[in-house]
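Here are two exercises to work through with the model open beside you. Try each task before you read its solution.

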Amino acid sequence: MAAPLGQIELDADAAESVEGPQVVEKAVAGRSPAQIAWRRLRHDTVSMIALVMCILFALLAIAAPFMASAKILQPYTFHNNLIGGLGSMPTGGWGGIGWSHWFGVEPQTGRDVFSRVVLGVSFSLLIATTATLLSVLIGGTLGIISGYMGRSTDFWISRFMDLILCFPQTLMLLALSPVLKQRITDLGVPAGTPTSAVYLILVLGFFSGPYFGRIMRGQVLSLRNREFVEAARSLGASRRRIWVRELLPNLWAPLIVFASLTLPLNVSAEAALSFLGVGLQAPTPSLGNILFNSVNFYSADPAFFYLPGITLVLIVLSFNLLGDGLRDALDPKSTR
């Protein structure tokens with residue numbers, strides 16, 4: 001005897017409820033620390049804006065020398081037709097700002113201010129980045145050796161870093177300038193801009209290294225007795241392997257944060273030294289010597305003063321905000 005239609009549907013529903021629908025299990029993909037940090041950074045609007053600004057400044061700095069070679073930028077060309085006469089102010093309002101000269105032209109010379117600012121950003125970021133890498137290398141090496149070795153090695157390296165930190169950095173930069181520049185020239189570095197750039201890189205990197213060394217020493221002291229280091233030591237791993245394969249991968253977060261916060265400090269220091277006449281010298285453009293030249297025309301040509309100054313502020317602010325965002329993203333205890 002055939003079952004009613006309703007009974008057939010009921011039996012089918014009952015069978016499905018007993019057996020249950022077929023569930024397709026999906027593997028849960030884990031996230032690496034870098035992926036977690038990027039996810040947290042991506043949700044920070046201010047940090048993402050700062051990251052975009054930093055990338056734009058970096059790309060502009062890389063492209064500036066090539067644009068100058070292709071005559072797209074003309075930082076050394078005198079436009080005498082744009083000033084009222086030799087040694088006069090630019091013609092037109094706001095220092096000659098227009099489609100051909102976005103930041104106007106320099107008083108008395110007629111050189112394009114935008115071209116000089118862009119090339120100055122290139123020199124500033126090159127010097128600041130190289131000095132930051134040097135400080136990371138010096139401080140990281142001293143910090144790892146001091147924190148891992150301990151005892152007398154830790155004592156003498158720590159006292160050496162304390163001694164370097166006692167010196168006033170700006171005063172030492174001014175005092176050592178003539179002596180070290182002459183020594184650098186004697187080693188075969190061409191005089192002028194190359195000598196000044198090498199001097200700034202060496203001195204800024206050397207005096208910034210101990211700050212990072214103190215940070216690395218504290219991190220290594222907390223890591224050297226951890227289980228994975230003890231396991232590597234018990235398996236006969238060499239000291240070099242423990243430093244490179246066990247300690248360094250756990251130090252990349254403070255390393256990145258320190259570098260991102262030190263770079264804008266070096267940009268400011270390079271601009272300040274160039275302003276004081278110790279850094280890059282004219283006609284080589286630098287944000288510092290451009291601001292030095294613009295001070296005399298503050299009232300007559302305010303754009304010549306404000307636009308390079310705003311550019312410097314934006315660079316330093318962007319890298320500082322990015323450093324703060326990286327610190328929060330890489331800190332597992334952060335709640336921001």
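**Exercise 1: a pocket and its lining**

Helix 2 (33–42), helix 3 (45–69), helix 4 (113–149), helix 10 (252–275) and helix 12 (302–330) each supply at least two residues of the lining of the second largest pocket. This is a predicted model, in which local features need pLDDT of at least 70, side-chain atom pairs count only at pLDDT 80 or more, and totals for chains, interfaces and linings use all residues. Residues are numbered from 1 along each chain as its sequence is written, and side-chain values use heavy atoms, with hydrogens and water left out.

Task: find which helix gives the most to the lining of the second largest pocket.

Solution.
1. The second largest pocket holds about 310 Å³ of space.
2. Among its 18 lining residues, Ala259, Ser260, Leu263, Phe319 and Leu322 are the closest to the centre.
3. Helix 4 gives the most, with 5 residues.

**Exercise 2: two packed helices**

Task: work out how helix 5 and helix 7 are oriented to each other.

Solution.
1. Helix 5 (residues 151–166) and helix 7 (residues 193–223) pack at an angle of about 140°, and their axes are 9 Å apart.
2. Angles under 35 degrees count as roughly parallel, over 145 as roughly antiparallel, 65 to 115 as roughly perpendicular and the rest as oblique, so helix 5 and helix 7 are oblique to each other.
3. In the contact (heavy atoms within 4.5 Å), residues of helix 5 including Phe160 and Asp162 meet residues of helix 7, among them Tyr211 and Arg214.

Technical notes. Axes are lines fitted to C-alpha atoms, for helices over the stretch in contact, and angles run from 0 to 180 degrees between N-to-C directions. Helices (H or I, at least four residues) and strands (E, at least two) are DSSP runs, numbered from the N terminus. On a 1 Å grid over the protein atoms alone, a cavity is a set of points where a 1.4 Å probe fits but cannot get out, and a pocket is an open set with protein on both sides within 12 Å along at least five of seven lines; lining residues have an atom within 4 Å of a point. Grid points are joined across faces, edges and corners, and a volume is the space filled by probe spheres set on the points.
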